[in-house]
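Colleague: I should like to request a close look at one part of this model, followed by its connections to the rest of the chain. Please give the cut-offs as you proceed.

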Amino acid sequence: YPRPYLTADVVVFDKDGKVLLIKRKGHPFLGKFAFPGGFVNPDETVEEAASRELMEETGLSDIAIRHVGIYSKPGRDPRGWIVTSAYTAKLSEDVKAQAGDDAAEAIWFELQIEGDKITLRSENLCFDSTELAFDHDYVLRDALRI
């Protein structure tokens, strides 16, 4: 049977409800915002991969994560059949995120929710959550319900 690739993503909220996004430094979705995440290595659990990717892309470590869901819709990633396990974390104190690895930037965004529309705002940026890379709009909506 064909096998999918496996990734892990982390939706991090600060104590004020801001969400942490990274600006992608590579393809696919070069220059688009997404949640910190990446491929699971053969020698680690999905949870370990989520924590590792969070640290590599934002510098945040020792963060407790909670499972949000599995995302497997065909076509969610243009590279092929890629399934992600998404996690969320809620921080109780202010932390500074610093972009690393394949993240060009790491930015905290305020969320403005009006009905079904979610707008993400930082000091210099403003966009609709449907503009996030991959299917991260759906991941964000599910994480907000937890």
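Colleague: How many residues lie between E7 and E8 in their hairpin, and which residue in the turn has a positive phi?

Modeller: The hairpin of E7 and E8 has two residues between its strands, and Gly115 in the turn has a positive phi of about 65°. The model is predicted, and local features are therefore taken only at pLDDT of at least 70 and side-chain atom pairs at pLDDT 80 or more, while totals for chains, interfaces and linings use all residues. Numbering starts from 1 along each chain as its sequence is written, and side-chain values use heavy atoms, with hydrogens and water left out. Helices (H or I, at least four residues) and strands (E, at least two) are DSSP runs numbered from the N terminus.

Within the hairpin, E7 and strand E8 (residues 117-121) are antiparallel and pair over five bridges; two strands count as paired if DSSP finds at least two bridges between them. Leu111 faces Leu120 of E8 across this pairing. Strand E8 is also joined to E9 by three bridges, again in the antiparallel sense. The connection from E8 to E9 is a hairpin through four residues, and Arg121 has Cys126 in E9 as its bridge partner.

Strands E7 and E9 both contribute to the aromatic contacts. The whole structure contains five aromatic pairs, a pair being rings of Phe, Tyr or Trp (its six-membered ring) with centres within 6.5 Å, called stacked if the planes are under 30 degrees apart, edge-to-face if over 60 and tilted otherwise. One of the five is Phe33 with Phe109, an edge-to-face pair at 5.2 Å centre to centre with 75° between the planes. Since Phe33 belongs to strand E3 (residues 33-34) and Phe109 to strand E7, this pair ties together parts 76 residues apart in sequence. Phe33 is buried at a relative accessible area of 8%, and Phe109 is buried at 0%; buried means under 20% relative accessible area, exposed over 50% and partly exposed in between, with a 1.4 Å probe and protein chains only. Phe33 also pairs with Phe127: the centres are 5.5 Å apart and the planes at 15°, so this pair is stacked. It links Phe33 in strand E3 with Phe127 in strand E9, 94 residues apart. Phe127 is likewise buried, with a relative accessible area of 10%. Together, Phe33, Phe109 and Phe127 make up one aromatic cluster.

Strand E7 has a charged link as well. The structure holds 10 salt bridges, each a side-chain nitrogen of Lys or Arg within 4 Å of a carboxyl oxygen of Asp or Glu. Among them is Lys23 with Glu105, whose closest N and O atoms are 3.6 Å apart. This pair connects distant parts of the chain, with Lys23 in strand E2 (residues 19-24) and Glu105 in strand E7 (residues 103-114), 82 residues apart. Both ends are partly exposed, Lys23 at 27% and Glu105 at 33%.

Beyond E9 in sequence, a further salt bridge joins Asp135 to Arg76 at 2.9 Å, N to O. Asp135 lies in the loop between strand E9 (126-128) and helix H2 (136-144), and Arg76 in the loop between E5 and strand E6 (82-90), so parts 59 residues apart in sequence are tied together. Asp135 and Arg76 are both buried.

Arg76 is also relevant to Asp9, which is located in strand E1 (residues 5-13). Asp9 is buried without a salt bridge, and Arg76, the nearest side chain of opposite charge, is 4.3 Å away; here Lys and Arg count as positive and Asp and Glu as negative, with His and the chain ends not counted. Apart from neighbours within four places in sequence, the residues in contact with Asp9 (heavy atoms within 4.5 Å) include Phe35, Arg76, Tyr87 and His136.

His136 belongs in turn to the buried residues of H2, which are His136, Asp137, Val139, Leu140 and Ala143. They span an arc of only 160° around the axis, which places them on the same side of H2; the arc is that of the directions from the helix axis to the C-beta atoms.
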